[in-house]
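Work through the exercises below with the structure at hand. Each task is followed by a solution in steps.

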Amino acid sequence: MNYDVKLPDIGEGVAEGEIVRWLVKAGEAVKEEQPLVEVMTDKASVEIPSPRTGTIDALHVEEGAMVPVGTVIVSIAVAGGAGATPAPAAHGTGHGAPSPVSANATVSAPAAPAAGARVQATPAVRALAKQLGVALEGLSGSGPQGAITADDVKRVAGSGATTGAGAANANSPAAAANPEEPETRAPLRGLRRRIAEHMRKSLSTTAQFTFVAECDFTPLIEHRERAKASAAAAGIKLTYLAYVFRAVIEPLQRFPLLNSSLDDATHEIVLKRYYHLGLATNTDDGLTVPILHHADRMTLFGIAREIERLSSAARAHKLEVEELHGGTFTITSTGAKGGVLATPILHHPQVSILGVHEVKPKPAVVDGAIVIRSLGNLSLSLDHRVVDGAVGTDFLYALIERLQNPDGWLTPGDLS
């Protein structure tokens, strides 16, 4: 008997999920609670566990497909089991998102369609078949319900069996216009797909602009040198970024519009009285933004410890779902690679994001004399629908004033 596994209701407001990667294949034996598939939603990445012990009978959905909650995605053959059943609960993978893979899950290929039957193929697959000169009629598909996939078309094209109504002569202009230059294609799925969708939505929804100003980090660097021994004794890696996270709280409190969001449905500005700071982190899968919740309650050392923990967890795909949600303001850094400046894209629905760029020795004028100081740029991107340029400018210079005078506001408690 087959046990049908449906895509479960993964979370509040989630209506569909993307099948990112199958962790099993047809014919494989599985045990109860063994992960079957990685699914990405707008909320997070989750693994769907097997509800029964048995053998994978069929995978019904291809990697990269978006499917509604309640869709049967895999069937498991179980000894003496029942038929279709409720979907299993999903488990958080701890990922910002899983790594995309290029190989499709293995499914049993059905027989070729009967003569006169409608060919099952998406417009993209049909276009690929036309380009490669592959006749779809009579071709067996390895997709769900016998649908012909891009891999099926490429496999036939690679074997040279491309004759048919749509076949192109090797000497034809069409063939000459398509020389076989080496190319590699990778599916846009998982975190990369979510980043693409989110960035497009952010830029199309917000009225984004960026203001850039220079900061003298010399006093901050001197303070860090004095505090490094204490930090090391406590097992903490004290970075410049920790100072920025600690310094930004007071300006956010003074200029609350930068810690807000715009509810487009109700046309209301939502002022946040809590401070959940996003830490833009580069991982192998793409940019992930874990959140330092209630950063205003943390000391400098506490922030440094949390930055190290979250960035390490993000790169190891061990973030919890709740560590990815609720941000009110985001900080991104170019890190050791530096760069003069950039225009960070807003993490919608947030209305502001701060970029921290390369800090290096440069000539500066201090008290009428040219001296060498450690200078770097800060870039602040804002949603002009909510924050005017004058407000953003005042905020950024308030932040710079604190970064250039850490002894004026940091306390002994910050170093514990």
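**Exercise 1. Find out whether Lys 362 is buried, partly exposed or exposed, and list what Lys 362 touches.**

Step 1. Lys 362 has a relative accessible area of 26%. Buried means under 20% relative accessible area, exposed means over 50%, and partly exposed lies in between, with a 1.4 Å probe and protein chains only. Lys 362 therefore counts as partly exposed.

Step 2. Lys 362 lies in strand β18. Helices (H or I, at least four residues) and strands (E, at least two) are DSSP runs, numbered from the N terminus.

Step 3. Leaving aside residues up to four places away in sequence, Lys 362 touches Val 371, Ile 372, Arg 373 and Leu 375. Contact means heavy atoms within 4.5 Å.

Step 4. Ser 374 is twelve residues from Lys 362 along the chain, and their C-alpha atoms are separated by 6.2 Å.

A note on the model: it is predicted, local features need pLDDT of at least 70, side-chain atom pairs count only at pLDDT 80 or more, and totals for chains, interfaces and linings use all residues. Residues are numbered from 1 along each chain as its sequence is written, and side-chain values use heavy atoms, with hydrogens and water left out.

**Exercise 2. Describe the chain as a whole by its secondary structure, burial, surface and contacts.**

Step 1. The chain has eight helices and 19 strands.

Step 2. Of its 416 residues, 44% count as buried.

Step 3. The accessible surface is about 20600 Å², and carbon and sulfur atoms account for 53% of that. Such areas come from the Shrake-Rupley method with a 1.4 Å probe; for residues, only the protein chains shown count as cover.

Step 4. Take the contacts between residues at least 6 apart in sequence: 68% of them join residues at least 24 apart. A single pair, given here by distance alone, is Pro 49 and Val 5, which are 44 residues apart in sequence and 9.6 Å apart in space, C-alpha to C-alpha. Pro 49 is in strand β5 (residues 45–49) and is buried, at 3% relative accessible area.

**Exercise 3. Examine the salt bridges of Asp 152, Lys 228 and Arg 385.**

Step 1. A salt bridge is a side-chain nitrogen of Lys or Arg within 4 Å of a carboxyl oxygen of Asp or Glu. The whole structure holds eleven salt bridges.

Step 2. Asp 152 pairs with Arg 155, with 2.4 Å between the closest N and O atoms. The two are three residues apart in helix α2 (residues 150–159), so about one helical turn separates them. Asp 152 is buried at 2% relative accessibility, whereas Arg 155 is exposed at 51%.

Step 3. Lys 228 pairs with Glu 225, and here the closest N and O atoms are 3.7 Å apart. These residues are also three apart, in helix α5 (residues 218–233), and about one helical turn separates them. Lys 228 is partly exposed at 35%, and Glu 225 is partly exposed at 47%.

Step 4. Why does such a spacing suit a pair in a helix? An α-helix has 3.6 residues a turn, so residues three or four places apart point the same way.

Step 5. Arg 385 and Asp 383 meet in a salt bridge of 2.8 Å, N to O. Arg 385 is partly exposed at 33%, while Asp 383 is buried at 1%. Salt bridges with shared partners join Asp 264, Asp 383 and Arg 385 into one network.

**Exercise 4. Describe the span, bend and burial of helix α6.**

Step 1. Helix α6 (residues 240–254) has 15 residues and reaches 23 Å from first to last C-alpha, close to the expected 21 Å. The expected span is 1.5 Å times one less than the number of residues.

Step 2. A kink of about 30° lies at Val 248, shortly before Pro 251. The bend at a residue is the angle between axes fitted to the seven residues ending there and the seven starting there.

Step 3. Eleven of the 15 residues of α6 are buried, so the helix is largely enclosed by the rest of the structure. Among them are Leu 241, Phe 245 and Val 248.

**Exercise 5. Name what covers the buried residues of helix α7.**

Step 1. Helix α7 spans residues 300–315, and its buried residues include Phe 301, Ile 307 and Leu 310.

Step 2. The cover includes α5, α6, β13 (277–279) and β14 (281–283).

Step 3. After α7 comes His 317, whose phi is positive, near 60°.
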